[in-house]
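User: Please take a close look at one part of this structure and set it in the context of the whole chain. I would like a connected account in prose.

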Amino acid sequence: MVKNIVKGIKTYVGSFKLISQLKLWKYFFIPIGISVLTAIIVGFLAYTLSDTIGHLIARIWIWETGKETFTTISSIIGGVFIVAMGLVLYKHIVMALSAPFMSPVSEKIEAHLTGAATHQHRDTSFNDQLWRGIRINLRNLLKELLLTILILLIGLIPVIGIISTVLLFLTQAFYAGFGNMDYTLERHLPYKESVRFVKNNRGIAIGNGIVFMLFLLLPVIGIILVLPLSVTAASINTITLLKTETITSTTTQKT
């Protein structure tokens, strides 16, 4: 697992160069626009709703003693909750809507890495790719929201709650990597097999997603570069894994 996480992270090295080499930047203009607009909307909602959530939580405290302190803590918890939910929504909205634009990028990277002009894979249209992106990300969104709420509740437990931050980050990283890998998988595997594939290679997904999440911490430049670099890195890893799985499957059948 750790080895694959490191591999998922290391693949980012050279991604910028590969994008320039294959002249892929033009494919990212619309996804970057989607990313910036979504980030602005989510950021605005986080700013306006954090205090409201905090005051709702503060109503639990019915005593006058310590009311002010509990209200302050509740506002912080509300802010963390909104930011966590905002990040979850941001990445799934961006990934779902960007799917038709990212698939050609992944395909060109695959052609470059394999040296093949044509590929034996599923022929999908713009609408197919968009629906696949929405379906995968809606599934991941629901699962991630449930896990995020559970982890945030664990965070309220003294001592044990310390690990909640790490768990929250790794959960978000996994689903970010999942979405990035599916831009390649949608051409090769049906829905259920893609889910199985990512689960079997969760270390790669987490490694890719870790850098994705760290990019979002960079003001402005992060939301501009996060998709181009993460999709490129994920495509490289996924193509390599698919090739390895195909070779292994062929060898097993011959045996």
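**A nonpolar surface patch and the buried interior**

Analyst: In this predicted model, Leu37, Ile41, Phe44, Leu45 and Leu49 make a nonpolar surface patch of about 480 Å². One member of the patch, Leu49, is found in helix H3, which covers residues 29-58. Leu49 has a relative accessible area of 37% and is therefore partly exposed, since the partly exposed class lies between the 20% limit for buried residues and the 50% limit for exposed ones.

The chain that carries this patch has nine helices and zero strands. Read from the N terminus on, its elements run α-α-α-α-α-α-α-α-α. The accessible surface of the chain comes to about 13800 Å², and carbon and sulfur atoms hold 70% of that area. Of the 255 residues, 45% count as buried. Among contacts with a separation of 6 or more, 83% are between residues 24 or more positions apart.

From the surface, the account turns to the interior. The largest nonpolar core has 51 residues, and Met181 and Phe212 are those with the most contacts inside it. Two or more residues of this core come from each of helix H2 (15-21), H3, helix H4 (67-114), helix H6 (164-188), helix H7 (191-200), helix H8 (202-215) and helix H9 (221-254). The largest share is that of H9, which gives twelve residues. Helix H3 thus links the two parts of this account, because Leu49 of the surface patch is found in H3 and H3 is also among the elements that give two or more residues to the core. For Met181, the contacts beyond four places in sequence are with Phe197, Val198, Ile204, Ala205, Ala234, Thr238 and Leu241.

Polar side chains are also found in buried positions. Asp182 has its place in helix H6 and, because its relative accessibility is 5%, counts as buried. The side chain of Asp182 is joined to that of Arg132 by a polar contact of 2.7 Å. Beyond four places in sequence, Asp182 is in contact with Arg132, Ile136 and Ser194.

A second buried polar residue is Asn237, which lies in helix H9. Its relative accessible area is 7%, so Asn237 is buried, the cut-off being under 20%. The side chain of Asn237 makes a polar contact of 2.9 Å with the side chain of Thr11. Not counting residues up to four places away in sequence, Asn237 touches Lys7, Gly8, Thr11 and Ile204. Ile204 also appears among the contacts of Met181.

Gly133 gives a further buried position, in helix H5 (residues 126-154). Gly133 counts as buried because its relative accessibility is 5%. Leaving aside neighbours within four places in sequence, Gly133 is in contact with Ala96 and Ala99. The C-alpha atoms of Gly133 and Ile93 are separated by 9.4 Å, although the two residues are 40 residues apart along the chain.

Taken together, the patch that includes Leu49 is nonpolar and Leu49 itself is partly exposed, whereas Asp182, Asn237 and Gly133 are buried.

Notes: Residues are numbered from 1 along each chain as its sequence is written. This is a predicted model: local features need pLDDT of at least 70, side-chain atom pairs count only at pLDDT 80 or more; totals for chains, interfaces and linings use all residues. Side-chain values use heavy atoms; hydrogens and water are left out. Helices (H or I, at least four residues) and strands (E, at least two) are DSSP runs, numbered from the N terminus. Buried means under 20% relative accessible area, exposed over 50%, partly exposed in between (1.4 Å probe, protein chains only). Contact means heavy atoms within 4.5 Å. Patches are made of residues with over 30% relative accessible area and no salt bridge: like charges are joined within 9 Å, nonpolar side chains (Val, Leu, Ile, Met, Phe, Trp, Tyr) within 5 Å. Accessible areas come from the Shrake-Rupley method with a 1.4 Å probe; for residues, only the protein chains shown count as cover. A salt bridge is a side-chain nitrogen of Lys or Arg within 4 Å of a carboxyl oxygen of Asp or Glu. A nonpolar core is a set of buried Ala, Val, Leu, Ile, Met, Phe, Trp, Tyr and Cys residues joined through side-chain atoms within 4.5 Å. A polar contact is a pair of N or O atoms within 3.5 Å; within protein, one must be able to donate a hydrogen and the other to accept it, and residues adjacent in sequence count only if both atoms are side-chain atoms.
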